[in-house]
Amino acid sequence: MFDGLIFDLDGTLWDATKIICKTWNVILKEYPKVRKEPVTVEELKGCMGLQIDEIGRKLFKESDEGLRKELMDKCCVLECEYLSKEGGELFDDVEKTLKILSQKYKLYIVSNCQNGYIESFYKGNGLGKYFKDKLCAEETGLSKGENNKIIIKRNNLKNPVYIGDTQGDRQSAADAGIPFVYAEYGFGNVDSYDFKIEKFSDLADIM
């Protein structure tokens, strides 16, 4: 019996790429030397699961590190402002399923995002009430696997599981020594998993 469910965010609980794309392209207009063409939704989906500095290097590899960090910082601030007001696109039955799961399990989020991003998910979609704790990469500067370990330790979890959609998520579960549930409907692919869900509501069945 699991005593805690730890969730990835992007590609698992929601798809925020449309709003992120819109806000990033607003900021990009201020940086024509970094990139002239707009960022696309498909490019962003290919970056989901990476830490912010890794996304910057992937999308803006020709720019110097200082300028790239300045750009990414502005992008992150604006995206969180918009997401806090408008919310992201939740996958089907996310809130309904979270409500069911929260009656039996303690729920958590561990994401490779920046400070404020999980909070914008909570605020924009009204889902913070279902989660007991959260941790993001910028807060600790550590890998997702290490952040999983922190969440497990500080919440005294004995038998948690991690739910995500990318190979990085699978690896983070392995690094923390916990089972992995693959969200097949998300953005990525994995080479192995302990459980698989084809839609978010499947969690209520397999758990």
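Which residues do ring pairs link into a cluster? Let me start there, and keep in mind that everything I show today comes from a predicted model.

The cluster takes in Phe7, Trp14, Tyr117, Phe121, Tyr122, Phe131 and Phe200, linked through ring pairs. Across the whole structure there are 10 aromatic pairs. Let me pick one of them, Tyr122 with Phe131. Their ring centres sit 5.7 Å apart and the planes make an angle of 25°, so we call this pair stacked. The cut-off for stacked is under 30 degrees. Both Tyr122 and Phe131 are buried.

Okay, on to helix H6, residues 117–125. Which residues of H6 are buried? They are Tyr117, Ile118, Ser120, Phe121, Tyr122 and Asn125. You'll recognise Tyr117, Phe121 and Tyr122 from the ring cluster. And what do the buried residues of H6 pack against? Quite a list: S2, H1, H4, S5, strand S3 at 89–90 and strand S4 at 106–111. Right after H6 comes Gly126, and its phi is positive, near 65°.

H6 also brings us to the charged side chains. As a reminder, side chains of opposite charge can pair when their charged atoms come close. How many salt bridges does the count come to? The count comes to 16. I'll walk through three of them.

Take Glu119 and Lys134, whose side chains meet in a salt bridge at 2.9 Å, N to O. This one links distant parts of the chain, since Glu119 is in H6 while Lys134 belongs to strand S5, residues 133–136, and the two are 15 residues apart. Glu119 counts as partly exposed, at 35% relative accessibility. Lys134 is partly exposed too, at 22%.

Stay on S5 for a second and look at Asp133. Asp133 forms a salt bridge with Arg154, and the closest N and O atoms are 2.7 Å apart. Here S5, with Asp133, is linked to helix H8, residues 144–154, with Arg154, across 21 residues of sequence. Is Asp133 buried or exposed? Asp133 has 17% relative accessibility, so it counts as buried, the cut-off being under 20%. Its partner Arg154 is partly exposed, with a relative accessible area of 44%. While we're on salt bridges, there's also a network: Asp8, Lys144 and Asp169 are joined into one by bridges that share partners.

The third bridge is Lys45 with Asp15, at 3.8 Å, N to O. What does this pair tie together? Lys45 is in helix H2, residues 41–45, and Asp15 is in strand S2, residues 14–15, so the bridge ties together parts of the chain 30 residues apart in sequence. Here, too, the partners differ in burial: Lys45 is partly exposed at 25% relative accessible area, whereas Asp15 is buried at 14%.

Now let's move to the stretch around H1, which covers residues 17–28. Asn25 lies in that helix, and with a relative accessible area of 16% this residue is buried. Which residues is Asn25 in contact with, once you leave aside its neighbours within four places in sequence? The answer is Pro38 and Val39.

In the loop between H1 and H2 you'll find Val34. Val34 is buried, at 11% relative accessible area. If you skip residues up to four places away in sequence, Val34 touches Phe60, Ser63, Leu67 and Leu71. Ser63 is worth pulling up on the screen: Val34 and Ser63 are 29 residues apart in sequence, yet their C-alpha atoms are 5.6 Å apart in space.

Last stop, a helix crossing. Helix H3, residues 52–59, and helix H4, residues 65–86, have axes that come within 10 Å and cross at roughly 115°. The crossing of H3 past H4 is right-handed. Which residues make the contact? From H3 we have Ile52, Ile55, Gly56 and Arg57, and from H4 there's Arg68, Met72 and Cys76. Sorted by character, the contact residues come out as four nonpolar, one polar and two charged. If you like thinking in helix turns, an α-helix has 3.6 residues a turn, so residues three or four places apart point the same way.

That's the tour. If you want one view to open on your own screen, try the stacked pair, Tyr122 and Phe131.

Note on methods:
Residues numbered from 1 in each chain as written. Predicted model: local features only at pLDDT ≥ 70, side-chain atom pairs only at ≥ 80, totals over all residues. Heavy atoms only, no water. Axes fitted to C-alpha atoms, helices over the stretch in contact; angles between N-to-C directions. Helix = DSSP H or I, 4+ residues; strand = E, 2+ residues; numbered from the N terminus. Left-handed = near helix turned anticlockwise from the far one by under 90°. Contact = heavy atoms within 4.5 Å. Nonpolar A, V, L, I, M, F, W, Y, C, P; charged D, E, K, R; others polar. Salt bridge = Lys/Arg side-chain N within 4 Å of Asp/Glu carboxyl O. Buried < 20%, exposed > 50% of the residue type's maximum accessible area, 1.4 Å probe, protein only. Phe/Tyr/Trp six-rings, centres within 6.5 Å; stacked < 30°, edge-to-face > 60°.
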